[in-house]
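Biologist: I would like a close look at a single part of this protein. Please take one strand and its partners, then work outward from there.

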Amino acid sequence: MKYKRDMNSYKIKSIAKELYVAMGLPQNKLTVKSAQWMKEQSLKYEKELQRNLEVEIETNIIVKEPYPLQSMAIEKAIEIIVNQKKYKFSNMLVIKNPYQFAPLCAMAVFYTKKERNVRVTVFGKEDSENISYEVKSGCNHTIPIMGLYPGAKNKIKIELFSKKNKVKSKEFFLTTDKLKGKSSGIKVNSTAYSSKKYAYDLTLIYGGDDGVFPYAFDRKGDIRFCFSMVPKTYGFKPISKGRYVFLDKTVTRHTDTNPTSVHMYVVDQMGRFLKRYNVEKGAHHDFCELDNGNYAVVSNAFDDNTIEDSVIEIEHNTGNIVNEIWLKDYVDSRFVDSPDWAHINTLEYDNYDKTLMVCLRNLHAVIKLNYEKKQVEWVLGNPEFFKNTSMEDKVLKPVGDIEWFFQAHSAYFIDEECDENGYRKLIIYDNHINKRRPVSYYNKSRNSYVKIYQINESKGTVRLYKTFVTDKSIVRSIAIYEKEMGRVCVMNGKVQSDDFAKGTIIEFDYQTGEMLNRYTMNFGFYRAYPFEFCPEHMSEIMERSSDYCFGKLCKIEEVSMPDITTADKVPPVILESIYSSERERTEKLKSLVMSHPEQIDSEQDMARIKLYVEEDLLCVKMIDHLLDGVYLIGKENAYYKDLSQTSQKRPEYFARVFVGELIPLNGIKDDKYTIYYNLNNKLYRTDNWIQIRKVEKNEK
């Protein structure tokens with residue numbers, strides 16, 4: 001009878017288990033906590049993890065903590081929770097979006113007496129879209145849950161394996177919020193033109209001018225990953241181990257055209273900010289990770305205010321610039337005729353032969369440089385463009401009929417080595433636009449193209465191997481060759497279309513040119529890449545070090561004390577009667593700056609300046625080129641950040657964009673400083689102050 005009762009009890013528990021799963025209830029105890037809860041647990045650790053600063057600062061300005069510090073504090077809070085051994089597999093803790101910036105990820109936290117491996121399955125809307133992976137773990141488990149749907153009840157299974165392969169299983173549901181802002185309206189539609197399945201399980205989309213979060217979608221077009229901070233247009237480039245180079249769009253430096261980002265972060269798929277690099281001359285467009293761990297980054301020369309025309313190497317553990325290449329040192333001087341004369345779009349570094357290849361949009365060219373000897377190896381482009389220039393003898397000689405590219409946006413080798421005929425293949429996304437540097441031989445095609453060229457470097461020749469016709473994309477975009485699958489994936493980032501599509505991805509058969517699959521997006525983008533979750537790396541503990549911010553920024557200059565007796569007070573914010581809201585004011589002033597700039601009230605723009613302090617940095621957020629400069633005026637000392645060295649040369653694109661100029665506060669003498677603005681050569685006093693005291697080494 002006892003056996004019978006036990007069997008009945010087992011059946012009841014089994015039925016209850018099925019009912020709980022069907023109803024979305026936990027089988028056993030399950031504690032689910034929010035991102036906000038996690039943030040609150042971490043606040044107490046931020047101060048102790050803060051890096052050693054040269055100055056102590058008091059201020060009435062808003063104070064923010066650096067993102068890497070916030071991530072480290074959360075990491076420590078999680079580590080303490082798991083070490084308490086309160087949560088076991090039977091009553092595990094699940095934290096939604098623990099690191100604050102990956103809303104479609106969560107973390108399961110629990111302890112086991114013996115080392116156990118874990119398998120996670122996030123169920124898709126169809127079985128083919130299930131996301132499943134194993135994590136090698138120990139006794140303290142911090143297991144990433146990745147690939148959730150936004151605004152949905154997600155079914156999840158977590159399995160625990162013993163050394164004898166016995167399995168414990170827990171199923172539960174986790175509800176996520178809808179994505180915020182413009183990202184809530186993302187739509188991806190798919191069309192199959194053959195029976196062949198699209199190459200990528202997941203595809204990453206980022207950038208563009210629409211203020212949309214970086215996201216990844218599955219083969220059905222459903223979003224399964226999101227990084228909930230909008231980067232600078234080109235700032236979410238994949239590197240290794242599930243990490244990305246992220247450029248902060250809110251912290252920038254004035255230029256004669258597009259403000260350039262000066263905060264370069266390394267982030268990961270769980271939303272952790274791992275490191276920050278202060279890049280004095282700014283970073284943009286493309287990046288690559290070198291064999292030594294350093295980063296090759298497209299930057300700006302700022303020589304005669306030229307921009308988007310240099311490449312720097314950033315030492316990964318110091319932030320120091322250990323190499324810098326100015327493209328103007330390699331090209332004919334006649335081409336250096338505007339601030340954005342070159343416009344580097346991509347770079348590719350060859351660790352073996354120490355060469356660097358760059359795609360120069362505004363020269364209709366790709367140039368390969370010797371990274372160590374600092375000389376031009378070859379130039380790919382129409383020889384007519386370089387005729388009678390100092391570069392003429394470096395131009396690859398065309399073999400056969402060649403169709404040339406115009407304002408290309410990417411160029412990468414697809415062969416590591418030469419074939420038996422001495423050729424290497426180069427894939428180029430040819431936007432086929434002639435706007436920035438018109439040439440007489442341009443054919444007015446209504447399409448963009450992907451072109452694969454065969455280059456014989458020893459003979460100095462080039463031939464056109466394949467061409468794929470694609471949607472017209474006026475800027476951005478990239479093409480990727482998938483050798484093992486025999487596919488070419490074409491990412492058209494800014495499609496000019498009257499219908500739904502603002503960006504498209506088209507997959508071609510490499511051999512036949514047949515279109516296999518096509519995706520359309522209702523927002524444009526900068527680039528798209530294959531995306532793969534890296535749960536093993538996401539389960540690793542984040543390094544906690546006082547060295548989380550590297551590099552330097554342009555310093556503020558000490559000056560003689562200015563006459564402040566005639567300074568006016570910064571006026572209060574007043575919404576002009578012709579506008580119904582701040583949003584309407586912002587939108588209408590963008591057009592007014594082109595037609596009637598004299599009607600813009602600069603003082604009211606100044607009144608809307610926002611300030612914040614982040615450790616030893618002061619950030620001034622304002623309209624592009626609004627101020628001539630910023631003063632810090634103390635009782636005995638005065639400092640000035642001159643912002644008048646540049647002016648906006650392309651207002652049709654960049655007028656009234658927001659910039660976030662940074663002012664380093666270390667090195668400033670002890671004093672209490674009031675902040676003044678220099679607007680149209682007149683001083684205005686703010687109510688904001690910063691008191692600075694240098695910290696002696698023995699105080700740290």
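Over how many bridges do E18 and strand E19 (residues 273-283) pair, and in which sense, parallel or antiparallel?

Modeller: The model is predicted. E18 and E19 pair over six bridges, in the antiparallel sense. One pairing gives the register: Val266 has Lys275 in E19 as its bridge partner. The two strands form a hairpin with four residues between them. In that hairpin, Gly271 takes a positive phi near 90°.

Now the strand itself. E18 covers residues 260-268. Nine of its nine residues are buried, so the rest of the structure largely encloses E18. In a regular strand, side chains alternate between the two faces of the sheet.

E18 has further partners. Strand E17 (residues 252-253) pairs with E18 over two bridges, again antiparallel. Thr252 has Ser261 in E18 as its bridge partner. E17 and E18 also form a hairpin, with six residues between them. Strand E16 (residues 243-248) is joined to E18 by five bridges, and these two strands run antiparallel. Here Arg243 stands opposite Asp268 in E18.

From the strands, move to the loops. Glu308 sits between strand E21 (295-299) and strand E22 (310-314). Its phi is positive, about 50°, although Glu308 is not a glycine. Glu308 counts as buried, because its relative accessibility is 4% and the cut-off is under 20%. Lys354 also breaks the glycine expectation, with a positive phi of about 55°. Lys354 lies in the loop between strand E24 (344-350) and strand E25 (355-360). Lys354 is partly exposed, with a relative accessible area of 28%.

Next, the charged pairs. Side chains of opposite charge can pair when their charged atoms come close. The count here comes to 45 salt bridges. One of them joins Glu126 and Lys220, with 3.4 Å from N to O. Glu126 lies in the loop between strand E6 (117-122) and strand E7 (131-135), and Lys220 in the loop between strand E13 (215-218) and strand E14 (223-226), so this pair ties together parts 94 residues apart in sequence. Glu126 is partly exposed, with a relative accessible area of 41%. Lys220 is partly exposed too, at 42%.

Asp337 and Arg437 meet in another salt bridge, at 3.0 Å from N to O. Asp337 is in the loop between strand E23 (321-326) and E24, while Arg437 is in the loop between strand E30 (424-430) and strand E31 (448-456), so the link spans parts 100 residues apart in sequence. Asp337 is partly exposed, with a relative accessible area of 49%. Arg437 is buried, at 13%.

A third bridge joins Arg585 to Glu576, with the closest N and O atoms 2.9 Å apart. Shared partners join Glu576, Arg585, Asp605 and Arg656 into one network of salt bridges. Arg585 counts as buried, at 3% relative accessibility.

Last, the open space. Rolling a probe the size of a water molecule over the atoms shows where empty space is left. The largest pocket holds about 1700 Å³. It is lined by 48 residues, and the closest to its centre are Asp209, Thr233, Arg476, Tyr653 and Phe654. Elements giving two or more residues to this lining are strand E15 (231-238), helix H5 (582-595), helix H7 (651-654) and strand E45 (658-664). E15 provides the largest share, four residues. By class, the lining of the largest pocket divides into 15 nonpolar, 16 polar and 17 charged residues.

The second largest pocket has a volume of about 1100 Å³. Its lining has 32 residues, and Glu348, Tyr349, Tyr412, Phe413 and Glu416 are the closest to its centre. Among the elements giving two or more residues to this lining are E15, E24, E25, E30 and strand E29 (410-413). Strand E33 (478-482) is also among them. E33 gives the largest share, five residues. The lining of the second largest pocket has 19 nonpolar, two polar and eleven charged residues.

Terms used:
Residues are numbered from 1 along each chain as its sequence is written. This is a predicted model: local features need pLDDT of at least 70, side-chain atom pairs count only at pLDDT 80 or more; totals for chains, interfaces and linings use all residues. Side-chain values use heavy atoms; hydrogens and water are left out. Buried means under 20% relative accessible area, exposed over 50%, partly exposed in between (1.4 Å probe, protein chains only). A salt bridge is a side-chain nitrogen of Lys or Arg within 4 Å of a carboxyl oxygen of Asp or Glu. Two strands pair if DSSP finds at least two bridges between them. On a 1 Å grid over the protein atoms alone, a cavity is a set of points where a 1.4 Å probe fits but cannot get out, and a pocket is an open set with protein on both sides within 12 Å along at least five of seven lines; lining residues have an atom within 4 Å of a point. Grid points are joined across faces, edges and corners, and a volume is the space filled by probe spheres set on the points. Ala, Val, Leu, Ile, Met, Phe, Trp, Tyr, Cys and Pro count as nonpolar, Asp, Glu, Lys and Arg as charged, and the others, Gly among them, as polar.
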